[in-house]
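This report describes selected features of one protein model, taking up confidence, helix packing and burial in turn. The sequence and the structure are shown here for reference.

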Amino acid sequence: MKNEASFAQLVNSIQTAHRKLAAQAGRAVNISLTLRNWLIGYYIAEYELNGKDRAEYGENLLGRLSTELQSSGVSICGKRQLYWYLRFYHVYPQIVRSLPPQFQPMDFKDIMDAGDRDSRIVRSATALSIIDPQKLIGSMSYTHFEQLIAIDDATKRAFYEVECIRGNWSVRELKRQINSLYYERSGLSLEKKKLAKQVQQYAEPQPVFNIRDPYVFEFLGLKSAEVMSESHLEQQLTEKLQEFLLELGHGFCFEARQKRVLIGDEHFFVDLVFYHRILKCHVLVELKLEKFSHENLGQLNTYVSWYKANMMTDGDNPPVGILLCTGKNHVLVEYALAGMDNQLFVSKYLLELPQKEEMQRFIDEQLREVTE
C-alpha cells in the first residue's frame, strides 16, 4: 500500500488481506483435519494387520476404540466415523505423500506403491492425469472426501474429483451433483463440454472458510451454538424464546441449543431441546425465518422421530416438536406429535404446552423489537 493511498485503496488493501489470509486459515485447518483422519485410518489398518493383541478385539475393535478415544477427549471418533477414516485410507493411499515428516509411516514406500497402482488404474480408465495429493487436500475439505469415498467406482470418483476442484464446489454442491447423476448424464450426453459449462456456471462455490462444517468446529473445539445459527436475527430470537419457555413455568427444563444429531451420514441441528418434567418427554423447538412449508414440518418430524428412536428411556413419553415459522406479518405455530395415538396423551400435551396464540403473540412482539 502506497503512503498516499486513498480511502478506497485502504479499504481494498484490508479486504484483500482479509480474503487471502482467511482462505489460508481455512485451508490450513481443513488440511490438518484431513491428514488427521487419514492417519487414524492408517493406524487402524496397520493394527488390524499387525497388532499383537488384535485377536482380543476382533469385530468389536472400532466400538472399543471409539469409546476409548472419546473418553480421552479425541473428537469426531464415533464408531461410524472410524469406519470412514479406515475407508478413507484405503481409497486414498497416495495422501501419504502429503504427511509432514514427523508423521511419515515406516512403510511409506509400500503405501506410495499402492497409491501409484491405484493412480494408474484411474488414469487408464478416465484418460485423465491423476490429481496430485497436495492438490486434492488443498482444494477439498474432509467433508468433501466423505462424499467421494462413498463412491465405489474409481472412474466415477475421479470424475467428481476433477469437476469439484475445477468448479471449487461446496460440499452441498458436490452432494447435489452426485445425487443428480451428473457423471451418468455426462456419459450419455452428446455435448459434454456444453453440459459441463452449464453445471459449473450454476454451481455453488465453497465459502472462504467453511467454519459451519461440523467436523471442522468439533476439531477446533468449538461449540455448535457458537457457529451454527442461521443469522444474527435468528440467534436473538432463539435466545429470547429459550428464556420465554423457561419463564412459562410449565415444567420446561433446558437441555441444549443447536443440538447436533447424526441421521444416516448427515448432521442436523435442532434449535432448542427441553425436557418437560410434567409430561416426561423431550420438547424440540425449531424456528424458521420464513413462511411455513411442508419441508420444515417434515424436518421437525424427522427430529422428533429420531429422538423417539434414540433418546427415549424407560418411563418417557414420546417427544413433541414445536415449529415456529415467521412470515412478514404473521407467525405460524405447528406442533409435531410423533406416535401419539392415545388421545388422552394428546390432550395432556396440548394442555401443558404453550398455547399457539401465546407463542404467536410472543414471536410477533420479539420480531418487532429486534427489527426496529
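The confidence of the predictor in each residue is expressed as pLDDT, on a scale from 0 to 100. The model is predicted, and its protein chain averages a pLDDT of 81, with 82% of the residues scoring at least 70. Over residues 119–129, however, pLDDT stays under 50, and for this stretch the model has 11 contacts beyond four places in sequence.

The helices α1 and α3 form a contact whose geometry and composition can be set out together.

| Feature | Value |
|---|---|
| Residues of α1 | 7–50 |
| Residues of α3 | 79–91 |
| Distance between axes | within 7 Å |
| Crossing angle | roughly 90° |

Because the axes cross at roughly 90°, α1 is roughly perpendicular to α3. The residues of this contact divide into 10 nonpolar, four polar and two charged; among them are Trp 38, Ile 40 and Tyr 42 on the α1 side, and Leu 82, Tyr 85 and Phe 88 on the α3 side.

Helix α14 comprises the 17 residues 294–310, which at 1.5 Å a residue should span 24 Å, and its end C-alpha atoms are indeed 24 Å apart, so the two values agree. Its buried residues are Asn 296, Leu 297, Leu 300, Tyr 303, Val 304, Trp 306 and Tyr 307, and these pack against β1 (252–263), β2 (266–276), β3 (281–288), β4 (320–326) and β5 (331–337).

Ser 186 lies in helix α9, residues 182–188, and counts as buried because its relative accessibility is 9%, where buried means under 20%. Apart from neighbours within four places in sequence, Ser 186 is in contact with Phe 159, Lys 192 and Leu 195.

Terms used. Residues numbered from 1 in each chain as written. Predicted model: local features only at pLDDT ≥ 70, side-chain atom pairs only at ≥ 80, totals over all residues. Heavy atoms only, no water. Contact = heavy atoms within 4.5 Å. Axes fitted to C-alpha atoms, helices over the stretch in contact; angles between N-to-C directions. Helix = DSSP H or I, 4+ residues; strand = E, 2+ residues; numbered from the N terminus. Parallel < 35°, antiparallel > 145°, perpendicular 65-115°, else oblique. Nonpolar A, V, L, I, M, F, W, Y, C, P; charged D, E, K, R; others polar. Expected span 1.5 Å × (residues − 1). Buried < 20%, exposed > 50% of the residue type's maximum accessible area, 1.4 Å probe, protein only.
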